[in-house]
Amino acid sequence: MTSLSLEVDGASAAENPTKPVEKARNDAVDVLRGLVMILMAIDHVRDFVGPQVDFRIDLTKTSAALFFTRWITHFCAPVFVLLAGTSAYLQAARGKSRSELSWFLLTRGAWLVLLEITVIRIGWTFDLGYHVTPLQVIWAIGWSMIALAGLVHLPVRVVAAIGVAMIAGHNLLDGVSFAKGSALDVVWSILHTSKPFEPLPGHYVFIAYPLVPWIGVMAAGYGLGALFEAAPGERRAWLYKLGAALTLSFVVVRGLNVYGDPLPWTSQGSALATTLSFLNCRKYPPSLSYLLMTLGPALVALGALEGRELPGKRILLVFGRAPLFYYILHLFLAHASAAILHYAIHGDEVFTWQHMGLPAKAQHGLPFVYGTTLVVVAALYPLCRWFAELKRRRRDLAFLSYL
């Protein structure tokens, strides 16, 4: 049955979970996820040992090399969230009932939120006193799963439409605000804006990933899963078409400079500087332009990976099949290594166990960042390979599906 007929008939594996499917897993999904896991490590290692950048990159203070080092990692969060939604659909395609899938999403989402405010925040800050609590991508994925737990009871195309509407329309809410520090302001920060607040004196919470657009991305990813019931050739064609359409939409929306990002791009003194301005879209919270810029090429890449062998595929599969395990370990390894390095070179003068920004003398150049990333990724590969194999062999251990 083709994806087109699925749309016309209104039937899918998510609505008929007993329907047989062609494959248990799709390698392209895991390969792409593994690739962005490695890209993510570049940015996080840079956070701990390299040149710093603001959340919104200041082009007057950032070289082209540093800009693109940061920019290539912009693809990570959208791909994580989109493929989390797709993976949820594929679980239904592999036989989970709608109620089973909903319960899994609800409980795993709650587990991820708990991890974000405990283990993961310690990995970022090494701060046991909760002076700083960043709420980032695992927080957003967790709450998006909780939202998707309710949405999966709707038809797949309705879930996809809700996701697309949230992605396309959330910037219409940019002008909404509430009195600073009020309960509504906090709720609105959680849902739509990225800013810190102070629930207790000396204790700051920073919501880097507000929920509304990310819930939309996961819902769209769930709808994308229906394509994976089509034959490989047809699926690849659809992924190319969708990816090209989103990428072209980015060029048009960003080029018009009217809607889709709160900071318009401007013509600069050189073609390179103008290009950087054009690509400098807001990630916190993610603007429409940012999501079009990242999700379009990601879908093209997903199509290109369909059924293809490539150098390093086995390595990417390992990381793509143990993403949460890798995420937690890489934070602790990168942060601890950086802290030890800083202490060894500079002593107590700049040594800190808390991720609060680095003094200039503790910031190393980009070659050091890339080299350190390679070491961190290589060190984690054997552990991730062991864990991915454990998950494959011990499907009877249900708790492994939460890691």
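What packs over the buried side of helix α10? The cover includes α9 (211-224), α11 (271-279) and α12 (288-305). Here a contact means heavy atoms within 4.5 Å, and helices (H or I, at least four residues) and strands (E, at least two) are DSSP runs, numbered from the N terminus. This is a predicted model, so to speak of local features takes a pLDDT of at least 70, while side-chain atom pairs count only at pLDDT 80 or more, and totals for chains, interfaces and linings use all residues. Residues are numbered from 1 along each chain as its sequence is written, and side-chain values use heavy atoms, with hydrogens and water left out.

Helix α10 itself runs over residues 232-256. Its 25 residues should span 36 Å at 1.5 Å a residue, and the end C-alpha atoms are indeed 36 Å apart, which agrees. (The expected span is 1.5 Å times one less than the number of residues.) Its buried residues are R235, L239, G243, F250 and R254; buried means under 20% relative accessible area, exposed over 50%, and partly exposed in between, with a 1.4 Å probe and protein chains only. As a bit of background, an α-helix has 3.6 residues a turn, so residues three or four places apart point the same way.

R254, in helix α10, deserves a look of its own. Its relative accessible area is 2%, so R254 is buried. Leaving aside neighbours within four places in sequence, R254 touches R56, D261, L263, P264, W265, S277, F278, N280, C281 and S289. Going back along the chain, A244 is 10 residues away in sequence and 15 Å away in space, C-alpha to C-alpha.

Just after α10 comes N257, with a positive phi of about 60 degrees although N257 is not a glycine. N257 sits in the loop between α10 and α11 and is partly exposed, at a relative accessible area of 30%. Y130 is another non-glycine with a positive phi, this one about 55 degrees. Y130 belongs to the loop between α5 (98-125) and β1 (132-135), and its relative accessible area of 34% makes Y130 partly exposed. In the loop between α11 and α12 there is P285, and the peptide bond from Y284 to P285 is cis, with omega near -10 degrees.

R254 and N257 turn up again around a hole in the model, as both help line the second largest cavity. On a 1 Å grid over the protein atoms alone, a cavity is a set of points where a 1.4 Å probe fits but cannot get out, and lining residues have an atom within 4 Å of a point. Points are joined across faces, edges and corners, and a volume is the space filled by probe spheres set on the points. There are three cavities of 30 Å³ or more, and the second largest holds about 40 Å³. The rest of its lining is V253, V258, Y259, G260, D261, P264 and S289.

Elsewhere, helix α3 (residues 64-71) has L66, F67, T69, R70 and W71 buried, under a cover that includes α2 (27-49), α11, α12 and α15 (366-393).

How confident is the predictor? The chain averages a pLDDT (the confidence in each residue, from 0 to 100) of 89, and 91% of the residues score at least 70. Over residues 1-13, though, pLDDT is below 50, and this stretch has 27 contacts in the model beyond near neighbours in sequence.

Notes: On a 1 Å grid over the protein atoms alone, a cavity is a set of points where a 1.4 Å probe fits but cannot get out, and a pocket is an open set with protein on both sides within 12 Å along at least five of seven lines; lining residues have an atom within 4 Å of a point. pLDDT is the predictor's confidence in each residue, from 0 to 100.
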